[in-house]
Amino acid sequence: MQRYFIAPELFLESSVAIVGDDAHHLSRVMRAKAGDQVIVSDGMSREALVRLREPAKDRVEADIIEWLPMTHEPAVEVWIAQSLPKGDKMELVIQKGTEIGADRFVPFVSERTVVQLDAKKEGKRIERWQKIAKEAAEQAHRNRVPAVEAPHSWKQLLQLIPQMDAAWICYEKESGIAFKEQIQEALSKSKAFRIDSADGEGTGNLGQRLKLMLVIGPEGGFTEQEVQAAEAAGCRSVSLGRRILRTETAAMVGLTCILYETGEMGG
């Protein structure tokens with residue numbers, strides 16, 4: 001069933017309005033008719049099954065049939081800090097990371113980042129990234145659209161690390177610290193998270209979720225000095241295995257490892 005994220009003010013007591021590009025998609029692409037049903041969410045606390053009235057090009061009114069539970073979000077909040085990769089790889093990280101369950105994306109510039117930031121194009125780039133996150137969240141039936149932040153400097157990124165319950169920097173030269181054990185240790189220390197032994201699924205208060213960060217380097221990797229600085233800020237250096245992964249692959253693998261250990265990947 002089609003799912004759309006709409007602004008909170010478009011929710012009324014017993015009806016909603018779908019506007020803009022989403023209305024166009026419904027009426028022109030999906031060729032929706034009066035009586036068709038879709039799911040709408042405000043991306044925060046409300047989600048409903050609705051029945052469409054007669055669709056129009058730029059606005060579609062719909063009646064709320066029933067309120068739905070917000071149960072599709074991970075029990076932990078995972079931030080993907082991704083050193084800006086070349087080409088359109090950041091778009092892939094955002095799209096697939098959203099599908100898997102990332103909560104936020106923090107692009108950043110590190111010493112070996114090749115991409116040159118253009119202030120004039122930054123606004124359009126962030127807008128495109130946010131659109132990709134929204135569309136991926138709709139496709140994956142997420143309850144929320146992950147936030148996509150403006151690119152950070154390395155110094156700005158380091159300042160975020162102390163705010164996390166746990167943070168890991170993926171380093172291909174790391175050999176002594178098992179990522180699995182690090183994740184389990186972080187989970188065991190949290191009062192806001194527990195694994196339900198009956199079904200193997202993680203549970204947590206969405207308002208007080210464990211906040212985790214995964215820091216991924218650029219194509220050329222991190223320098224030893226950067227790893228040391230990250231560790232000084234509170235990160236733990238970890239390896240994602242014996243094979244060298246592409247930067248965009250590392251983000252997806254690391255995120256999947258975290259969510260697997262929390263019971264989000266099929267228990």
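# A walk through the chain, starting at Gln182

Select Gln182 to begin: with a relative accessible area of 9%, Gln182 is buried (buried means under 20% relative accessible area, exposed over 50%, partly exposed in between, with a 1.4 Å probe and protein chains only). Before you go on, note that this is a predicted model, where local features need pLDDT of at least 70, side-chain atom pairs count only at pLDDT 80 or more, and totals for chains, interfaces and linings use all residues. Numbering runs from 1 along each chain as its sequence is written, and side-chain values use heavy atoms, with hydrogens and water left out.

Stay on Gln182 and colour by secondary structure: Gln182 belongs to helix α5, residues 179–188. Helices (H or I, at least four residues) and strands (E, at least two) are DSSP runs, numbered from the N terminus. Now show the contacts of Gln182, where contact means heavy atoms within 4.5 Å. Setting aside residues up to four places away in sequence, Gln182 touches Trp168, Ile177, Arg236 and Val238.

**Zoom out**

With the full chain in view, count seven helices and 14 strands. The C-alpha trace spans about 60 × 50 × 30 Å along its principal axes. How does the radius of gyration of the chain agree with that of a compact globule? A compact globule of 267 residues would have a radius near 18 Å, and the chain has 20 Å, which agrees. That radius is taken over C-alpha atoms, and the globule rule is 2.2 Å times the number of residues to the power 0.38.

Colour by burial next: 48% of the 267 residues count as buried. Switch on a surface and you are looking at about 13700 Å² of accessible area, 47% of which belongs to carbon and sulfur atoms. These areas come from the Shrake-Rupley method with a 1.4 Å probe, and for residues only the protein chains shown count as cover. If you draw a contact map, take the contacts between residues at least 6 apart in sequence: 75% of them join residues at least 24 apart.

For charges, select the 35 positive and 40 negative side chains; the centres of the two sets lie 3 Å apart. Lys and Arg count as positive and Asp and Glu as negative, while His and the chain ends are not counted. The place of a charge is NZ of Lys, CZ of Arg, CG of Asp or CD of Glu.

**The strands**

Go to Ile39, in strand β3. Is Ile39 buried or exposed? Ile39 is buried, with a relative accessible area of 10%. Among the residues Ile39 touches beyond four places in sequence are Met1, Tyr4, Leu49 and Leu68. For a long measuring line, join Ile39 to Leu259: 220 residues apart in sequence, they are 25 Å apart, C-alpha to C-alpha.

Next stop, Arg104 in strand β7, residues 104–109. Arg104 is partly exposed, at 22% relative accessible area. Apart from neighbours within four places in sequence, Arg104 is in contact with Val78, Trp79, Ile80, Pro146, Ala147 and Glu149. From Arg104 to Glu122, 18 residues along the chain, the C-alpha atoms are separated by 18 Å.

**The loops**

Now pick the loop between α1 (20–29) and β3 (37–41), where you find Arg31. Most residues other than glycine have a negative phi. Arg31, not a glycine, has a positive phi of about 50 degrees, and Arg31 is exposed, with 64% relative accessible area.

Ala34 lies in the loop between α1 and β3 too, and is partly exposed at 43%. Which residues is Ala34 in contact with, leaving aside neighbours within four places in sequence? They are Leu52, Arg53, Glu54 and Pro55. The C-alpha atoms of Ala34 and Glu54 are 4.6 Å apart, though 20 residues separate them along the chain.

Jump to His141, in the loop between α3 (119–139) and β8 (147–148). His141 also has a positive phi, near 60 degrees, and counts as partly exposed at 26% relative accessibility.

**The cysteines**

Last, show the cysteine sulfurs. A disulfide is a pair of them within 2.5 Å, and a search of the whole structure finds zero. Cys170 is in no disulfide, as the nearest cysteine sulfur, in Cys257, is 8.8 Å away. Cys170 counts as buried at 12% relative accessibility. Why is Cys235 not bonded to Cys170? Because the sulfur of Cys235 is 9.1 Å from that of Cys170, its closest, which is too far for a bond. Cys235 counts as buried as well, at 3%.
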